[in-house]
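Q: Could we go through this model together? I would like to begin with the contact between the chains and then turn to the salt bridges.

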Number of protein chains: 2
Amino acid sequence: MSPQAKETGTDSPQRPRVEGEREQEILDATLAILAEVGYDLLTMDKVAAAARASKATLYRRWKGKPELVIEALLAHKGEHPAPDTGTLRGDLIASFCGAGGMTDPQQMAIMGSLITAISRDADFAEVFRRDFIGPKAARTLQLFERARDRGEIDEDVDLEIVIPALPGILLHRQFLLGEEPTDDVITRVVDQVILPAVTR
Amino acid sequence: MSPQAKETGTDSPQRPRVEGEREQEILDATLAILAEVGYDLLTMDKVAAAARASKATLYRRWKGKPELVIEALLAHKGEHPAPDTGTLRGDLIASFCGAGGMTDPQQMAIMGSLITAISRDADFAEVFRRDFIGPKAARTLQLFERARDRGEIDEDVDLEIVIPALPGILLHRQFLLGEEPTDDVITRVVDQVILPAVTR
DNA sequence: TGATGGAACGGAACGGTTTCGTACCGTTCT
DNA sequence: AGAACGGTACGAAACCGTTCCGTTCCATCA
């Protein structure tokens, strides 16, 4: 290795090539492959072909497959601010039906593609839960806390149990029962399961 | 292929070697590997090594990996009759905490190992849902129908929504949140989510 | 302005490993 | 004896990580 300085340290852009746009294309291609075949069957060759990049480029930029996939996941977190419709019911339906919610096909495909991997790889699971699940859970928690402040939720309700119920029910219907989540199903689950659990 | 009859049809074993016990050992080994590494990374070599069988034997008996895995799943449905404690609450807790329930580690590992595969392979998904999920769902349905006959469930409750809620919540907590399902969690979910949904 | 050097790129190939499905053994049980 | 078994080995294919090559783009400088 040449003893070249690793970086200038300043903000002067010395590396104009794979700076932003091209890198994002590669990450998008990674997510597409991930959603299509799953983590275990995702190969660097497939990603390179889909992104029209060479494997050499991938390995110049990323250490390997886990690092590439994780960075692709983190770069994907599009801003989805929590809705504020004034009622818990409206917030839940808006949140889970909208962009990034349970009706987003690629979002759901990514979920399904990763469950097996995180069941086996503890390190992968930790990053996934912290950086992918965490923000979503925090947003949903916000909805419930606002509802509690408005008095919509009984005092003795254990939010730790109730909050994850909605995504759990919907994911189960999708993957185990094979039912595409529709707005109608989400509404029925909210009305018949979630709301009765918080207001008795 | 020779036009041989697929099987005798009777229970007379024409194949004395790999007939019953040995075959079950291979299927058990298949399930163990499946639970350990998942469907995509399960290989015939791993199964052969784990079962101390030769790959030739596997290919003599099964056509390939999908057939072997599916048959292993079907042969695994140990008889788990629905409990009858007299109350819906007792039945649910007994059913989901007991053998074959959500606290069975291998059962859960198999679930996680298959979700990615059934998200991609429609044929595999159909067999899995019909022969693996189906019996479990039917058993749970039986619990709810008995409870409804006893008057424990309001008339306007949509069982299609409520019944899959409990497994959904528990699976989500296990795989997405990384929480081992304990009897205590199952009880709290039943008391705080399921029962309020059926009796308002 | 025009030429030059360097860095990053795409494409291709490499060796080493893994998997699959099959074939060939010697052994064991009926 | 004969059939089925376990073990081994094989070729084909896929994958991984690396390393070539030739090209393209950019910054620098005459």
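Q: How many residues does the contact take from chain A and from chain B?
A: The contact (heavy atoms within 4.5 Å) takes 42 residues from chain A and 41 residues from chain B. This is a predicted model, in which local features need pLDDT of at least 70, side-chain atom pairs count only at pLDDT 80 or more, and totals for chains, interfaces and linings use all residues. Residues are numbered from 1 along each chain as its sequence is written, chains are lettered from A and ligands numbered from 1 in the order in which they are written, and side-chain values use heavy atoms, with hydrogens and water left out.

Q: What area do chain A and chain B bury between them?
A: About 3500 Å², with 64% of it on carbon and sulfur atoms. Buried area is the accessible area (1.4 Å probe) that two parts lose on being put together, summed over both.

Q: Which three residues supply the most on the chain A side?
A: Ile161(A), Leu176(A) and Gln192(A) supply 19% of the area that chain A buries against chain B, more than any other three residues.

Q: And how many salt bridges are there between chain A and chain B?
A: Two, where a salt bridge is a side-chain nitrogen of Lys or Arg within 4 Å of a carboxyl oxygen of Asp or Glu. A salt bridge joins Asp158(A) to Arg188(B), at 2.5 Å from N to O.

Q: Which elements give two or more residues to that side of chain A?
A: They are α1 (21-37), α6 (105-120), α7 (122-149), α8 (159-162), α9 (165-175) and α10 (183-198) of chain A. Helices are DSSP runs (H or I, at least four residues), numbered from the N terminus.

Q: Changing topic: how many salt bridges are there over all chains?
A: The count comes to 28. Among them, Lys55(A) pairs with Asp45(A), with the closest N and O atoms 3.3 Å apart.

Q: Where do those two residues lie?
A: Lys55(A) is in helix α3 (residues 55-61) and Asp45(A) in helix α2 (residues 44-51) of chain A, 10 residues apart.

Q: Are they buried or exposed?
A: Lys55(A) is partly exposed, at 35% relative accessible area, and Asp45(A) is partly exposed as well, at 46%. Buried means under 20% relative accessible area, exposed over 50%, and partly exposed in between (1.4 Å probe, protein chains only).

Q: What about Arg22(B) and Glu25(B)?
A: Their side chains form a salt bridge of 3.0 Å, N to O. The two residues are three apart in helix α1 (residues 21-37) of chain B, so about one helical turn separates Arg22(B) from Glu25(B).
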